[in-house]
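User: Hi! Could you walk me through this structure before I head back to the bench?
Analyst: Happy to, here it is.

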Amino acid sequence: MKISRNDPCPCGSGEKYKKCCLGKQAGMAGPAGMQGIMDEVLAGVEGREFSSLEEVQAALNQLTQKQNNSPLASFHGLSPTQMHRVLHFPFDSPELVRFAESLEPPVEAPALTLFALLVEAIGEKGLKPTVKGNLPQRFCREAALSFWGQEKYEHRTRFGAIRSEMDFFDLHCLRLVAELAGLVRKYKGKFVLTAKCRKKITSQGMEAVYPDLFTAYVQKFNWSYLDGFQDILFIQQAFLFTLFLLGKYGGEVRPQTFYEDIFLAAFPVLLDEIEPVSYQSCEKTLCRAYFYRTLSHFAAFFGLAEVQAISEKDYLTQYEVKKTPLLDRFISFAV
């Protein structure tokens, strides 16, 4: 008998199946979820004779280990065991992935470009914050002009000037991440560079802080901060899976939907976390949040992907995605 998503969970928890064992297993077992696992287990022991419960348990353990170590199509070559490492131990799985501890110049990444502007502004004397503790307006305007260029600056500010750090959101996020990374702090009423930051830049160059900014962004910064989407914290947790996909498929220009569809197929249970809205489906809500946070605001911000608009339709703008050489320089996958 097939278990329905809304049936009581067979484990006896009293919860609905979709909120219990399906939720625990669907992401790690493909769309079939727990039912698929049970079908495979039954097929593996069908017709076999066992003389003791110990033999049954040993056979089940062997089947489980085989399943966990077998690549899944929905994970695009990763096994459930490997996916577990990718999701929960991204920086402690050298058998799967290694991050470069240092990078040779050039490192072309918007995050590093903005950080270099901030370092220059802070200098030796520090940079006095506003009353609210943000970067001063003058610096924000100068940084935006330098970062965007004259034409883009005029286009971006055509409906309103940059009056505060919040009006240049990339800079605002960069400043927060730099503080989380221990590179910038407030001291005696000013933004200053930490000793760690000065030592790295002096001895190794600006590129030396890239790994610190990257790690702080994925481990400490809240990706859902002021972006208008539902929380869906798992999107951030799965950052390395997206980088794995970019490494594997990003050599060719592909539409954003290519990565959105893979993410949705790999973790369909996430749809149960989406709060329905009247103007779009739960699938579209999840996909838009995934694209915005992972590809546009993370991979592109750190120079790991190029994201280009191919149709300008405001909220429905479509994009194309391609990896950059920096991705392969910074991250090495062993699968």
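**A buried ring and its partner**

Analyst: Let's start with Phe302, which counts as buried at 1% relative accessibility. One thing to keep in mind throughout: this is a predicted model.

User: Good to know. Which part of the chain is Phe302 in, and what does the pair with Tyr217 tie together?
Analyst: Phe302 sits in the loop between helix 14 (282-299) and strand 5, while Tyr217 belongs to helix 10, so the pair ties together parts that are 85 residues apart in sequence.

User: What's the geometry of Tyr217 and Phe302?
Analyst: The two rings are edge-to-face, at 5.2 Å centre to centre with 65° between the planes.

User: And is Tyr217 buried or exposed?
Analyst: Tyr217 is buried, with a relative accessible area of 4%.

User: How many aromatic pairs are there?
Analyst: The count comes to 37 aromatic pairs. Another one is Tyr249 with Phe258, also edge-to-face, where the centres are 5.3 Å apart and the planes are at 80°.

User: How accessible are Tyr249 and Phe258?
Analyst: Tyr249 is buried at 18% relative accessible area, whereas Phe258 is partly exposed at 23%. The cut-off for buried is under 20%, so Tyr249 falls inside it with its 18% and Phe258 falls outside with its 23%.

User: What sits over the ring of Phe258?
Analyst: That would be the charged end of Arg254, 4.5 Å from the ring centre.

User: Back to Tyr249. Which other residues of helix 12 are buried?
Analyst: Along with Tyr249, the buried residues of helix 12 are Phe239, Leu240, Phe241, Thr242, Leu243, Phe244, Leu245 and Leu246.

User: What does that say about helix 12 and its surroundings?
Analyst: Helix 12 covers residues 239-249, and 9 of its 11 residues are buried, so the helix is largely enclosed by the rest of the structure.

User: Switching to the core. Which residues touch the most other members of the largest nonpolar core?
Analyst: Phe115, Phe214 and Phe267 do, out of 88 residues in that core.

User: What is Phe115 in contact with, leaving aside its neighbours in sequence?
Analyst: Setting aside residues within four places in sequence, Phe115 is in contact with Leu174, Ala178, Leu183, Val184, Cys197, Ile201, Met206, Val209 and Leu213.

User: Val184 caught my eye. What stands opposite it?
Analyst: Leu193 in strand 3 stands opposite Val184. Strand 2 (residues 184-187) and strand 3 (residues 190-193) run antiparallel and are joined by 4 bridges.

User: How many residues lie between those strands in the hairpin?
Analyst: The hairpin of strand 2 and strand 3 has 2 residues between the strands, and Lys188 takes a positive phi near 55° there.

User: What about the sheet of 3 strands, how is it ordered?
Analyst: The order is 4-6-5, in an open sheet with antiparallel pairing. Strand 4 (254-255) and strand 5 (305-311) are the edge strands, each pairing on one side only.

User: How many bridges join strand 5 to strand 6?
Analyst: There are 6 bridges between strand 5 and strand 6 (residues 318-323). Val307 stands opposite Val321 of strand 6.

User: New topic: salt bridges. How many are there?
Analyst: A search of the whole structure finds 11 salt bridges. One of them joins the side chains of Lys200 and Asp212 at 2.6 Å, N to O. Lys200 lies in helix 9 (residues 195-204) and Asp212 in helix 10 (residues 210-219), so the pair ties together parts that are 12 residues apart in sequence.

User: Is Asp212 buried or exposed?
Analyst: Asp212 is buried, with 15% relative accessible area, while Lys200 counts as partly exposed at 24%.

User: Where do Arg138 and Glu142 lie?
Analyst: Both are in helix 6 (residues 137-148), 4 residues apart, about one turn of the helix. Their side chains meet in a salt bridge at 3.1 Å, N to O. Arg138 is exposed at 66% relative accessible area, and Glu142 is partly exposed at 43%.

User: Last one: which residues are linked in a network of salt bridges?
Analyst: Glu165, Arg175, Glu179 and Lys186 are linked that way. The side chains of Glu179 and Lys186 meet at 3.9 Å, N to O. Glu179 is partly exposed at 25% relative accessible area, and Lys186 is partly exposed at 40%.

Notes:
Residues are numbered from 1 along each chain as its sequence is written. This is a predicted model: local features need pLDDT of at least 70, side-chain atom pairs count only at pLDDT 80 or more; totals for chains, interfaces and linings use all residues. Side-chain values use heavy atoms; hydrogens and water are left out. Buried means under 20% relative accessible area, exposed over 50%, partly exposed in between (1.4 Å probe, protein chains only). Two strands pair if DSSP finds at least two bridges between them. A nonpolar core is a set of buried Ala, Val, Leu, Ile, Met, Phe, Trp, Tyr and Cys residues joined through side-chain atoms within 4.5 Å. Contact means heavy atoms within 4.5 Å. A salt bridge is a side-chain nitrogen of Lys or Arg within 4 Å of a carboxyl oxygen of Asp or Glu. Rings of Phe, Tyr and Trp (its six-membered ring) pair if their centres lie within 6.5 Å; planes under 30 degrees apart count as stacked, over 60 as edge-to-face and the rest as tilted. A charge sits over a ring if NZ of Lys or CZ of Arg is within 6 Å of the ring centre and within 35 degrees of the ring normal.
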